[in-house]
Amino acid sequence: MDRTSALLSAAGVLMSISFASAQVTFRIVSLPSTTPPSPSIFISGDFEGWSGGDSPYQLQPGADSLFAITLPQMAGNILFKFTRGAWASVEKGPNGEEIANRVYTYGGNGDTVDITIHNWADLSGIPSTAAENVSVLDDAFWMPQLERSRRIWLYLPPGYDSTDTSFPVLYMHDGQNLFDDSTSFAGEWHVDETLNAMHAESGFGLIVVGIENGGGERINEYAPWIHPQFGGGDGEAYVSFITETLKPFVDSAFRTLPDPEFTGIMGSSMGGLISQYAGIEHPGTFGRVGIFSPSFALFDSCYHHTLSHTPPVSAKYYYLAGGLEGGQPPVAVATAQMVDTMEANGMPAEQMQLVVDPAGAHNEQFWSGEVGAAITWLFTEATVGSFHMEDHLLPLRVFPNPARGTVRIACPEAQTDVAVRVMERSGRLVMSGRLAPNETLDVSGLPAGLYFVEVQYGRFRQVVKVVID
């Protein structure tokens with residue numbers, strides 16, 4: 001059974017659970033004092049594609065509340081937040097802080113849920129949390145392919161101005177979420193803090209270009225294909241903007257290593273979908289691709305698109321999914337299907353990394369915690385000046401593979417112990433603990449099959465596929 005079949009099997013068990021369902025009414029009973037007069041308020045969530053403000057989901061003035069909306073019957077859980085029409089105005093917590101996605105579980109009876117909104121992102125007065133080496137490259141960078149403009153953020157490695165070194169470049173979507181709590185609509189990724197720490201520890205430097213999402217245009221720009229409910233179709237024009245307009249400008253204005261092996265693209269959710277598309281459609285531009293919690297299930301044309309192109313065998317692809325991410329099929333299953341599709345099409349398995357975290361949810365907190373590992377793996381072969389990042393990575397071997405009875409974790413002798421987790425292909429955790437260097441892990445109690453063995457020591461984490469006979 002391949003990884004996709006195993007994950008589908010696990011998902012099938014979950015989907016076989018029957019949920020009684022009934023409609024639910026959400027009532028806004030309190031708004032912050034900063035709310036403008038006669039606001040337009042929307043509910044946005046996984047049930048409508050996280051649009052940020054789609055007209056069918058606008059709340060209406062309520063007789064016994066400020067605003068209300070009734071959603072029809074659905075099954076299981078939905079995740080959602082409230083906005084004033086765009087993610088830039090998403091709700092925030094009492095102190096202006098990011099809040100987790102709201103969750104509602106449909107039950108057997110109709111519900112009425114009262115909601116208090118404490119703050120709005122654009123009116124909360126949150127101070128900037130961006131590092132000093134993050135700047136706004138342009139507040140309105142023109143996108144001729146789409147005839148609109150976007151704000152562009154720029155992260156430069158520490159000491160950039162005092163050296164003549166050229167650096168790899170990573171293009172990232174949802175730019176307002178990468179560096180700064182004050183601009184984020186769902187929490188920031190802490191890309192600047194992560195890269196500054198990596199530079200301080202090892203000297204690794206990377207330029208990051210963050211592209212603001214278009215709010216109401218986000219799905220249109222991040223989807224090359226049209227979804228009958230959610231829209232899309234501008235994805236190729238958006239990627240062409242990056243390849244034909246933005247990248248040439250960045251390469252001319254800054255010291256970059258412009259070749260594919262030094263050029264990456266990364267995003268989450270719909271940003272993961274468009275990153276997959278960009279890597280496959282433009283292998284001569286993007287050789288390092290980071291795909292977090294991708295929306296493959298909404299646009300299954302991505303699988304046909306991947307199969308219809310020659311695999312970029314010299315590229316590297318890093319896939320991340322969480323065990324708590326839903327969908328039909330669940331995100332972990334849809335992501336594993338893409339890895340299988342890539343491999344079936346001739347992409348070398350060693351050029352791809354699939355990480356499934358059983359505790360991972362569909363949010364910036366999850367992605368923020370993984371961005372350092374993804375950048376490390378994607379750019380381990382990137383030579384910057386005299387620095388070669390592979391020289392700074394600690395060696396790790398998990399053997400024998402295939403294994404029978406025991407697995408040995410071979411780490412550097414300097415490590416006193418390492419954290420080990422073993423997961424099924426569905427992402428379900430089956431073993432965890434700590435081992436001394438070269439200590440044997442007893443897997444005799446596990447059924448035969450493919451597993452993910454995650455080993456973590458210091459700030460380094462590696463996930464290895466292990467077959468147990």
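Is aspartate 251 buried, partly exposed or exposed? In this predicted model, aspartate 251 is partly exposed, because its relative accessible area is 24%.

**Helix α4**

Keep aspartate 251 selected and add lysine 247, with which it forms a salt bridge whose closest N and O atoms are 2.7 Å apart. The two residues are four apart in helix α4 (residues 235–253), so about one helical turn separates them. Lysine 247, with a relative accessible area of 9%, is buried.

Now widen the selection to the whole of α4, where the end C-alpha atoms are 26 Å apart, in agreement with the 27 Å that its 19 residues should span at 1.5 Å a residue. Centre the view on leucine 246, where α4 has a kink of about 40 degrees, shortly before proline 248. Colouring α4 by accessibility will show that its buried residues include Tyr238, Phe241, Ile242, Leu246 and Val250.

**Salt bridges elsewhere**

Across the whole structure, a search finds twelve salt bridges. Select next glutamate 91 and arginine 102, a pair whose closest N and O atoms lie 2.8 Å apart. Glutamate 91 belongs to strand β6 (residues 91–92) and arginine 102 to strand β7 (residues 102–105), so this salt bridge ties together parts that are eleven residues apart in sequence. Both glutamate 91 and arginine 102 are buried.

Then move to glutamate 221 and arginine 148, which form a salt bridge with the closest N and O atoms 2.7 Å apart. Because glutamate 221 lies in helix α3 (residues 218–222) and arginine 148 in strand β11 (residues 148–155), the pair ties together parts that are 73 residues apart in sequence. Glutamate 221 counts as buried, at 0% relative accessibility. Extend the selection to Arg150, Glu217 and Asp234, and you will have the network of salt bridges that links these three with Arg148 and Glu221.

**The eight-stranded sheet**

From β11, step out to the open sheet of eight strands, which has mixed pairing and the order β10-β11-β13-β12-β16-β17-β18-β19. Its edge strands, β10 (134–143) and β19 (352–357), each pair on one side only. Looking across the sheet, you can follow a twist that averages 15 degrees from one strand to the next.

At the β19 edge, strand β18 (residues 316–322) pairs with β19 in the parallel sense over six bridges, and tyrosine 317 has methionine 352 in β19 as its bridge partner. Helix α2 (residues 191–202) packs on the sheet, touching β10, β11, β12 (169–172) and β13 (207–211), and its direction makes about 30 degrees with that of β11. Finish with helix α7 (residues 331–344), which lies across β18 and β19 and runs at about 160 degrees to β18.

Key:
Residues are numbered from 1 along each chain as its sequence is written. This is a predicted model: local features need pLDDT of at least 70, side-chain atom pairs count only at pLDDT 80 or more; totals for chains, interfaces and linings use all residues. Side-chain values use heavy atoms; hydrogens and water are left out. A salt bridge is a side-chain nitrogen of Lys or Arg within 4 Å of a carboxyl oxygen of Asp or Glu. Buried means under 20% relative accessible area, exposed over 50%, partly exposed in between (1.4 Å probe, protein chains only). The expected span of a helix is 1.5 Å times one less than its number of residues. The bend at a residue is the angle between axes fitted to the seven residues ending there and the seven starting there. Two strands pair if DSSP finds at least two bridges between them. Axes are lines fitted to C-alpha atoms, for helices over the stretch in contact, and angles run from 0 to 180 degrees between N-to-C directions. Contact means heavy atoms within 4.5 Å.
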